[in-house]
Each structure stands twice: as structure tokens, then as C-alpha cells.
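Trainee: Please take one part of this model and look at it closely. Then connect that part to the rest of the chain.

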Amino acid sequence: MAEAFAAVDVIATKRDRHELSDAQIDWVIDAYVRGIVAEEQMSALAMAILLNDMSEREIVRWTNAMIRSGEKMNFSCLDQPTTDKHSTGGVGDKITLPLAPLVAACGAAVPQLSGRGLGHTGGTLDKLESIKGWRAQLRNDEMMSVLREAGCVICAAGNDLAPADRKLYALRDVTATVEAIPLIASSIMSKKIAEGTSSLVLDVKTGSGAFMSDLSRAERLAETMVRIGNESGVNTRALITAMDVPLGLTVGNALEVEESLEVLAGGGPRDVVELTITLAREMLELTGLDGVDPADALSNGRAMDHWRRMIRAQGGDPDAPLPRAQHVHQMQAPTSGILTRLDARAIGVAAWRLGAGRARKEDSVAAGAGIRLHAKPGDAVRGGEPLLTLHTDDPQLFESAMQAAWSGIQIEKTDDQPLVERLPLIIKRIR
Ligand code: URA
């Protein structure tokens with residue numbers, strides 16, 4: 001079959017700052033998946049997009065072409081409305097764990113496809129895999145049965161969901177083109193739209209520990225994704241939220257599951273509870289269930305009940321003890337004063353060096369590794385008292401983890417009325 005276009009002409013169109021036509025976009029994505037457009041040609045096109053941007057029309061068309069490269073899931077046979085949340089990821093971001101069962105307890109169905117961590121940010125599936133027996137890989141019929149049983153399911157995306165994105169994302173990772181906003185927005189939204197949810201809340205993080213550390217870029221990404229979602233029939237909203245400081249008091253897989261259980265039991269750190277409830281309210285509003293108060297479902301144990309059902313339905317034992325690291329080491333405050341800085345990226349890198357994260361996709365993670373925080377910016381600390389407890393299976397990793405952590409910590413004397421610069425937890429709503 002003769003091809004409709006030549007890849008070089010499509011690349012040249014973007015190189016010369018022209019818009020790609022709908023037909024060019026549809027062809028290039030399809031031909032890339034078929035192996036007609038070579039990896040080096042797609043790399044050149046991705047770089048041209050990074051340098052010369054895309055119009056809104058091009059981004060929506062590109063997203064739809066990636067959706068069409070695979071299957072589209074359909075939850076219309078369920079009695080309840082479906083809703084989902086996507087976070088661009090951060091340090092200590094365990095919100096999906098309490099949020100999915102909480103929203104299920106309030107009456108919506110939550111089909112949540114999640115990913116694994118890479119670099120200094122953790123992945124939801126890695127966290128849940130610290131629960132004995134729990135399975136991330138489900139067939140579509142299994143996913144549906146967990147959803148019927150528990151009202152929520154958190155699992156890995158199957159290979160048939162937006163395969164063009166899977167191929168392109170791997171290429172972007174090695175060609176310095178991950179950062180292009182049109183490519184990030186279409187990558188995230190193609191998977192979320194193919195997943196078949198009817199509404200979606202995006203948690204776009206900004207600050208040192210976020211993928212988009214710059215606020216104006218985070219805003220542009222959020223606005224682009226909200227537009228793609230709404231134009232594709234998925235009722236979509238975004239919150240821009242803080243990731244200058246780790247979320248909660250734990251960073252690391254099993255440690256974060258433990259903290260999520262505290263939240264589901266009606267306790268837990270204030271910021272984790274506030275963000276969980278805020279996102280739940282947004283999700284419920286989008287599904288028309290806004291008369292229900294998610295805070296009640298945390299305090300009366302209904303969210304915990306849905307969590308236990310979900311974990312069991314995915315082969316896990318909700319009562320099994322969580323793995324613990326073999327070695328711990330306390331970092332103590334060198335002086336008394338106010339903790340003015342606890343940088344999310346530095347703490348994320350420290351947890352990663354302790355074994356909580358992976359450097360390459362093939363690496364495994366240590367379930368018990370991570371960091372427990374004993375103070376947050378604005379708190380008074382006393383010299384000699386614990387600031388952080390580091391957890392690892394390999395004590396040789398303490399030194400380099402401490403180096404990373406100290407680089408992100410600042411304590412100032414109380415007499416100087418130190419200024420604690422912190423982003424507000426919820427920075428902006430985009431509808
Ligand atoms: N997450 C994705 O799924 N895609 C991107 O491009 C970036 C983050």
C-alpha cells in the first residue's frame with residue numbers, strides 16, 4: 001500500500017513552524033506504530049514539536065490519533081458514574097490510595113490506571129505492591145469485577161491502551177523531548193480518555209519536587225489538558241497544587257501505605273487529608289454526587305471498608321504486616337530554631353538513594369525503604385531532636401542519602417523571625 005505522506009515532509013512542516021494537518025497527524029501516529037516512521041524520524045519530529053510548539057487543534061488531533069492506536073475501555077454497563085484522578089506526581093504523593101476508596105464510598109465508580117515511579121517521584125503501583133499478594137496486572141474482565149466488588153480499582157494500564165504513547169514516551173525519554181507540553185498533555189490525556197472514565201480531575205503539581213517546577217508551565221499544561229478532556233467528552237477539571245515540600249510525613253512505598261491507612265482510619269497528616277478531601281469533592285461534583293460529604297466517609301470507616309474490599313479483590317491481604325527496612329538512621333536537628341526549608345526534590349532524591357525508587361524502568365524498588373519526616377517547614381525544632389528517620393535495607397546507602405537530604409534543609413534561629421516561604425497547598429483551580 002502506498003503511504004499517504006513521507007515522514008521527512010511531515011518533519012519539515014513542523015521544523016519550518018507550520019501547523020501539521022489533521023491527515024498528517026493521523027498518518028504519522030499510525031505509521032509510527034506500524035513501524036513505517038522510523039525511531040530517528042519520530043525523534044526529529046518530537047524535537048521539532050518541542051522547539052516549535054503545537055496549536056490546540058494539533059494537540060487534540062494528536063491525542064485522538066494516539067487513542068485510536070489501541071483499545072478504548074467502556075464502563076457504561078456500570079450503574080454508577082465513573083470518575084478518575086491523575087496526578088503529575090511528586091514526593092510523598094500517596095493521595096490515590098485513600099482517594100479511590102473514599103470516592104467509591106461516596107457512590108462513584110473509580111477505575112484508576114496508575115504507573116510506577118521513575119527517578120525521585122514514587123509510583124502508586126510500587127506503593128501498593130508493598131502489600132502482600134496484591135496484584136497490579138489485571139485483565140479487563142478482572143478490572144471490571146474488582147470495580148463491581150469494591151467500587152474502585154487501581155491497576156496497571158494494559159499493553160493495548162494507547163500503544164502509540166507507550167512507544168513515543170520511551171523514545172522521548174532518551175531524546176530529551178519529555179518536556180514538550182503538547183507531548184506531555186497528549187500522552188497523559190490519551191491514556192485517561194482511552195481508559196473510558198466519564199469525568200477526570202487532574203492534580204498538576206508545581207514546585208521543586210514536581211515534574212513542572214515552574215508555575216506558569218504547570219498552568220499551561222493544566223489548561224491544555226482540561227481543554228483536551230472537555231473537547232473529547234470527558235468532564236475535566238484541574239487543580240494546581242504545591243510540591244515544594246513533600247506531602248505528608250512519609251516518603252517511600254510501605255511507609256506511604258501506612259500513612260494512607262491512617263487517613264482511611266480518620267487520622268493522618270493535615271495536608272494529605274485536606275488534599276484527599278478537596279480532590280474527592282471535585283470528583284463527586286463532576287459526577288453529580290456533590291450532596292455527599294467525603295469527610296464523613298473517612299471518619300465513619302466506610303472508605304476503609306472499600307479499601308479492604310479493593311485490596312482483597314486484587315489478591316492482597318489488608319491485614320498482613322507491611323514490610324519494614326532492616327536499618328534505620330536518625331538525622332537530628334543541628335541547632336534549635338524554625339525549620340524554614342524542607343525541599344521536596346532533595347527529600348525525594350534521598351528516599352530514592354535509600355532504595356525507594358528506581359533509576360531505570362527494569363530496576364526493582366525496596367518496599368521498606370524511605371524517609372519519615374518529624375517536622376515540616378514552619379515547625380519549631382530543638383537541637384539534637386530527630387528531623388528525619390531514614391529507612392533502608394543497605395546501610396551503605398545512608399551517607400549519600402543524608403547528603404541529598406541536608407542539601408534541602410534549613411533551620412533558622414527563632415529570634416530572627418524567619419520567613420518560611422511555602423506554596424499554598426491548593427494554588428489554583430482550572431475548569
Ligand atoms: N506522564 C505521562 O504519562 N506522559 C508524559 O509525557 C509525562 C508524564
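**The loop before H8, and beyond**

Mentor: Alanine 162 sits in the loop that runs between strand S3 (152-156) and helix H8 (163-173). Helices (H or I, at least four residues) and strands (E, at least two) are DSSP runs, numbered from the N terminus. The model is predicted: local features need pLDDT of at least 70, side-chain atom pairs count only at pLDDT 80 or more, and totals for chains, interfaces and linings use all residues. Residues are numbered from 1 along each chain as its sequence is written, and side-chain values use heavy atoms, with hydrogens and water left out.

Start with the backbone. Alanine 162 has a phi near 45°, a positive value in a residue that is not glycine. Most residues other than glycine have a negative phi. Is alanine 162 buried or exposed? Its relative accessible area is 1%, so alanine 162 is buried. The cut-offs are under 20% relative accessible area for buried, over 50% for exposed, and partly exposed in between (1.4 Å probe, protein chains only).

Alanine 157 belongs to the loop between S3 and H8 as well. With a relative accessible area of 24%, alanine 157 is partly exposed. Which residues does alanine 157 touch, leaving out those up to four places away in sequence? They are Leu113, Ser114, Gln137 and Arg166. Contact here means heavy atoms within 4.5 Å. Leucine 264 is 107 residues from alanine 157 in sequence, and their C-alpha atoms are 25 Å apart in space.

Now go past H8. Alanine 176 is placed in the loop between H8 and helix H9 (181-194). Alanine 176 also has a positive phi, near 55°. Its surroundings differ from those of alanine 162: alanine 176 is exposed, at 56% relative accessible area, whereas alanine 162 is buried at 1%.

Next comes helix H10 (residues 215-231), which holds glycine 229. Threonine 224 is placed in H10 too. Threonine 224 has 6% relative accessibility, so it counts as buried. Setting aside neighbours within four places in sequence, threonine 224 contacts Ile59, Ile181 and Ala185. Glycine 229 is buried as well, with a relative accessible area of 0%. Under that neighbour rule, glycine 229 contacts Met189, Val234 and Thr236. Leucine 183 lies 46 residues from glycine 229 along the chain, with 15 Å between their C-alpha atoms.

Glycine 384 takes us further along the chain, to the loop between strand S10 (380-381) and strand S11 (386-392). Glycine 384 is partly exposed, at 45% relative accessible area. Its contacts are Gln332 and Ala333, leaving aside neighbours within four places in sequence. From glycine 384 to lysine 192 there are 192 residues along the chain and 47 Å between C-alpha atoms.

Now the whole chain. It has 16 helices and 13 strands. Its radius of gyration (taken over C-alpha atoms) is set against a globule rule of 2.2 Å times the number of residues to the power 0.38. The radius is 22 Å, close to the 22 Å that the rule gives for 431 residues, so the chain is as compact as a globular protein of that length. Along its principal axes the C-alpha trace spans about 75 × 45 × 40 Å.

The division is into domain 1 (7-52), domain 2 (83-320) and domain 3 (327-412). These bounds come from an automatic or database domain assignment. Over C-alpha atoms, the centres of domain 1 and domain 3 are 43 Å apart.

Of the 431 residues, 56% count as buried. Take the contacts between residues at least 6 apart in sequence: 79% of them join residues at least 24 apart. The accessible surface comes to about 17,500 Å², with 48% of it on carbon and sulfur atoms. That area comes from the Shrake-Rupley method with a 1.4 Å probe; for residues, only the protein chains shown count as cover.

Last, charge. There are 47 positive and 58 negative side chains, and the centres of the two sets lie 1 Å apart. Lys and Arg count as positive, Asp and Glu as negative; His and the chain ends are not counted. Each charge is placed at NZ of Lys, CZ of Arg, CG of Asp or CD of Glu.
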